[in-house]
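Visitor: Please take me through a single part of this model in close detail. I would like one connected account.

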Amino acid sequence: MKVPFVDLHAQFRSIESDVRAAIDRVIASQRFVFGPEVQAAENEIAAYSSATHAIGVSSGTDAILVGLMALGVGPDDEVITTPFTFVATTMCIARLGARAVFVDIDPRTYAIDTSKLESAIGPRTRAIVPVHLFGQMANMKQLLAVAAAHHVPVLEDGAQAIGARYNGEPMGKGSSGATLSFFPSKNLGCMGDGGMVISNDADFASRVRLLRNHGQEPKYISRIVGGNFRLDAMQAAIVRAKLPYLEGWTRARQNHAKSYCSAFHEAKLNPELLSLPYEAEGVHHVYNQFVVRTKMRDRLRAHLEAHGIATAVYYPLPMHLQPCFAFWGYAKGSFPEAERAACECLALPIYPELEPSAIEHVVSEIVAFFSQRENMR
Ligand SMILES: *Cc1c(COP(=O)(O)O)cnc(C)c1O
């Protein structure tokens, strides 16, 4: 039995006519940039996210970049963020000439450890960028309280967390805004690149709106230096076609997570050998990834690969050790939880269309791997 890590074909088969109709609509209109599809996608994602503003942009990365630009981040500024994320989060800080000040992660949720946040704030702190990694929000209650006490704005990287909530609150509540990605493997993926900034802050949202289109208002009068960070109509139409399915897909992901956990519990796998995802209290986790951790990560991964099961490592190298950020001078050992997670984390398949039999297969191969090793002792 082969278990792929994601199966975009399976999803496309289930929604093919909707997606083709959306693409045909754009072709018939011949409006490829801005226009009614982008406007409608913004309105629909704003409603889905319980946000008052949504601005379509060219990718999840550009959503972070324009978000930071809208907050005025520039040279000599510091931006506090997590060392354990996809490189885009940190790279946007570097591209603006600012310095990333890392705060280690909570080893259970993999998000920034908000109890260590306050000591990282200094006179140059211009923004805080938490990442809602794997689909679970960071401790936003504590994070927003610390940020407010120091008058520092917050931009949430929600690329993996569309629809997630913390204590019932959606992303963008109490922060300047949150960024989304429509990269194909995200919970709501388009057919190329796309992203969005959601916000409840009218000033911030209007700056993002200006920045994504060369700062123009009206056309050919540029008020601020921006760029071409637009979401195109084709991707907007595809996102719209898929949005009505998102709740169901998210529920399927959550059910798969439950199935994995109960199968591991039934197999009585020693939690010291393999730890399962932790859901913090009050969290609505949307499971973009189902990440387990083990000291034998690489051997387990090879075993699963040999048995037809694809897995992924998010992320093998923390941000403070990336070659491109060496100029910041962070040393190995500075953020031990992030470094440990980078060696131990393994993402198992959790796409919505995953079959129960595939989950059983994955669990039984993992159990077999650990029992072989126990017997060898
Ligand atoms: C995917 C992702 C991004 C970047 O999104 P793109 O649309 O690929 O540019 C940023 N941050 C995180 C945490 C991501 O997972």
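Guide: Start with helix α7, residues 233–266, in this predicted model. The helix has 34 residues, and at 1.5 Å a residue they should span 50 Å. The C-alpha atoms at its ends are 48 Å apart, so the expected and modelled spans agree. Yet α7 has a kink of about 50 degrees. That kink is centred on Y245.

Now look at the two ends. At the start of α7, D232 makes a contact through a side-chain oxygen. This oxygen comes within 3.1 Å of the backbone nitrogen of M234. K268 follows α7, and its phi is positive, near 55 degrees.

Next, the ligand. It is surrounded by 17 residues. G60, T61, D157, S181 and K186 are the closest. Three of these offer polar side-chain atoms to ligand oxygens. For T61, a side-chain N or O atom is 2.5 Å from an oxygen atom of the ligand. For S181, the corresponding distance is 2.6 Å. For K186, a polar side-chain atom lies 3.0 Å from a ligand oxygen. The ligand taken alone exposes 380 Å², and the protein buries 93% of that.

Which elements give two or more residues to the shell around the ligand? They are α3 (60–70) and α4 (87–95). The largest share, three residues, comes from α3. By type, the shell holds seven nonpolar residues, eight polar and two charged.

Notes: Residues are numbered from 1 along each chain as its sequence is written. This is a predicted model: local features need pLDDT of at least 70, side-chain atom pairs count only at pLDDT 80 or more; totals for chains, interfaces and linings use all residues. Side-chain values use heavy atoms; hydrogens and water are left out. A residue is near a molecule or strand if one of its heavy atoms lies within 4 Å of it. A polar contact is a pair of N or O atoms within 3.5 Å; within protein, one must be able to donate a hydrogen and the other to accept it, and residues adjacent in sequence count only if both atoms are side-chain atoms. Accessible areas come from the Shrake-Rupley method with a 1.4 Å probe; for residues, only the protein chains shown count as cover. Helices (H or I, at least four residues) and strands (E, at least two) are DSSP runs, numbered from the N terminus. Ala, Val, Leu, Ile, Met, Phe, Trp, Tyr, Cys and Pro count as nonpolar, Asp, Glu, Lys and Arg as charged, and the others, Gly among them, as polar. The expected span of a helix is 1.5 Å times one less than its number of residues. The bend at a residue is the angle between axes fitted to the seven residues ending there and the seven starting there.
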